[in-house]
Amino acid sequence: MSDPRADREREREQRLKLLEDDIGRHLAESAKSGELARAPSFGKPLDFGDGYDETPAELRMAMKVLKDAGVVPAEVEAMQRIAALQAELDALAPDAPAAGPLRRRIADLRIALALRLEGLRRSGQL
């Protein structure tokens, strides 16, 4: 009598092996034809642009958990808010009546963010 879970696991492993073999064949063909060597990033580390390398090692796991949970750190939210306000300001004419208050709001947010980051640095949390 065969265990259905064990059978499903064996089938899954077989499918993965076939997929790995197929990927390996495609990579070998691409390497043989020179397609891989022509890629601009060939031989260079991948840059995912997610800030992983810039994040201190002791915070990486915590930040990954937050990211996977869909939670944005307060500092990142502040940066996003500043960027949105800056885009709004850039869309205005320099002499528009709303430009002055918008510039002050952006400056205030930048100062608050800088103070927050400095506090984190001093406390050793960043």
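Helix α2 is the leading contributor to the lining of the largest pocket, giving seven residues. The structure examined here is a predicted model, and the pocket is a convenient place to start a tour of it. The space inside the largest pocket comes to about 700 Å³. Its lining is made up of 24 residues, and those nearest the centre are Gly51, Thr55, Met63, Pro73 and Val76. Three helices, α2 (57–68), α3 and α4 (99–123), each supply at least two residues of this lining. For anyone thinking about the chemistry of the pocket wall, the lining residues split into 13 nonpolar, three polar and eight charged.

Attention turns next to the nonpolar interior. The largest nonpolar core holds ten residues: Ile82, Leu85, Leu89, Ala99, Leu102, Ile106, Leu109, Leu113, Leu117 and Leu120. Helices α3 and α4 are the elements that give two or more residues to this core, and α4 gives the most, with seven. Such a grouping fits a broader pattern, since nonpolar side chains tend to be buried together in soluble globular proteins. Leucine 89 offers a closer view of the core. Beyond its neighbours within four places in sequence, leucine 89 is in contact with Ala99, Leu102, Arg103 and Ile106. Ala99, Leu102 and Ile106 are themselves listed among the core residues.

A charged residue also deserves a look. Glutamate 75 is placed in helix α3, which spans residues 74–91. Its relative accessibility is 13%, and glutamate 75 therefore counts as buried, the limit for that class being under 20%. The side chain of glutamate 75 is joined to that of arginine 116 by a polar contact of 2.6 Å. Once neighbours within four places in sequence are set aside, the contacts of glutamate 75 are Leu113, Arg116, Leu117 and Leu120. Leu113, Leu117 and Leu120 also appear in the largest nonpolar core, so glutamate 75, buried at 13% relative accessibility, is in contact with members of that core as well as with Arg116.

Arginine 12 completes the survey. This residue lies in helix α1, which runs over residues 4–33. With a relative accessibility of 42%, arginine 12 counts as partly exposed, because that class covers values between the 20% limit for buried and the 50% limit for exposed. In sequence, arginine 12 and glycine 49 are 37 residues apart, while in space their C-alpha atoms are separated by 32 Å.

Definitions and conventions:
Residues are numbered from 1 along each chain as its sequence is written. This is a predicted model: local features need pLDDT of at least 70, side-chain atom pairs count only at pLDDT 80 or more; totals for chains, interfaces and linings use all residues. Side-chain values use heavy atoms; hydrogens and water are left out. Helices (H or I, at least four residues) and strands (E, at least two) are DSSP runs, numbered from the N terminus. Buried means under 20% relative accessible area, exposed over 50%, partly exposed in between (1.4 Å probe, protein chains only). A polar contact is a pair of N or O atoms within 3.5 Å; within protein, one must be able to donate a hydrogen and the other to accept it, and residues adjacent in sequence count only if both atoms are side-chain atoms. Contact means heavy atoms within 4.5 Å. On a 1 Å grid over the protein atoms alone, a cavity is a set of points where a 1.4 Å probe fits but cannot get out, and a pocket is an open set with protein on both sides within 12 Å along at least five of seven lines; lining residues have an atom within 4 Å of a point. Grid points are joined across faces, edges and corners, and a volume is the space filled by probe spheres set on the points. Ala, Val, Leu, Ile, Met, Phe, Trp, Tyr, Cys and Pro count as nonpolar, Asp, Glu, Lys and Arg as charged, and the others, Gly among them, as polar. A nonpolar core is a set of buried Ala, Val, Leu, Ile, Met, Phe, Trp, Tyr and Cys residues joined through side-chain atoms within 4.5 Å.
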